[in-house]
Amino acid sequence: MIIAFPAINPVPGDEEINLIITFPKEGDEVWIDVVPPHVTVHGEVDAPSGIRSVVVQSEIGEVSCGNGMEFACPVPVSSGKNKITVIATDNLGNQAEKSLNVTIRSGPPPPLLIIVLGYLIENALGYIIGIIGVLGVLLIFLKFRRRKRR
């Protein structure tokens, strides 16, 4: 005797999937020096019926990020302008999709601009530290010298 139960297929509803990409941001300039070139996309997703999958796509590849509420996936990119898309699917088949544009630069980022206002006293801190160091060594020397005399 075989007992069969009918399959229960959820009917897609109007549940809202909350999808947030926390890094990178729209219009960001991202500096990378990894081979093969990739950017790790971070974000959060939430759906009342649970998450089935999170996928991150770029123009040259796609990465599955699992089904957790937080994701961090390395997606392949190329130098220059890139469009990155995150697609979240809930357990009812509903989808949320967000895209952003980033510019990828190869190599280390340029140094930060430093602006100095006021007067610069050349090596003042170095002289003070040097004097304190010499006095410290002198005190230690005198302390051990006294001990030897006793």
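Start by selecting Ile131, Leu135, Leu138, Phe141 and Leu142: these residues make up a nonpolar surface patch, with about 490 Å² of accessible area together. The model is predicted.

Keep Leu135 selected and extend to the element around it. Leu135 lies in helix 1, residues 124–149. Its relative accessible area is 48%, so Leu135 counts as partly exposed, the cut-off for exposed being over 50%.

Now show the whole chain as a cartoon. The chain has 1 helix and 8 strands, in the order β-β-β-β-β-β-β-β-α from the N terminus.

Next, select strand 3, residues 38–46. Which residues lie on its covered face, and which on the uncovered one? Val39, Val41, Gly43 and Val45 are on the covered face, while His38, Thr40, His42, Glu44 and Asp46 are on the uncovered face.

Add strand 1, residues 18–23, which pairs with strand 3 in the antiparallel sense over 5 bridges. To find one position in this pairing, pick Asn18; Asp46 of strand 3 stands opposite.

Then add strand 6, residues 70–76. Strand 6 also runs antiparallel to strand 3, and 7 bridges join the two. Here, pick Val41, a residue of the covered face; its bridge partner in strand 6 is Cys73.

Finally, return to the full chain and switch on the surface. The accessible surface is about 11,500 Å², with 61% belonging to carbon and sulfur atoms. Of the 150 residues, 26% count as buried. Among contacts with a separation of 6 or more, 60% are between residues 24 or more positions apart.

Methods: Residues are numbered from 1 along each chain as its sequence is written. This is a predicted model: local features need pLDDT of at least 70, side-chain atom pairs count only at pLDDT 80 or more; totals for chains, interfaces and linings use all residues. Side-chain values use heavy atoms; hydrogens and water are left out. Helices (H or I, at least four residues) and strands (E, at least two) are DSSP runs, numbered from the N terminus. Buried means under 20% relative accessible area, exposed over 50%, partly exposed in between (1.4 Å probe, protein chains only). Contact means heavy atoms within 4.5 Å. Accessible areas come from the Shrake-Rupley method with a 1.4 Å probe; for residues, only the protein chains shown count as cover. Patches are made of residues with over 30% relative accessible area and no salt bridge: like charges are joined within 9 Å, nonpolar side chains (Val, Leu, Ile, Met, Phe, Trp, Tyr) within 5 Å. A salt bridge is a side-chain nitrogen of Lys or Arg within 4 Å of a carboxyl oxygen of Asp or Glu. Two strands pair if DSSP finds at least two bridges between them.
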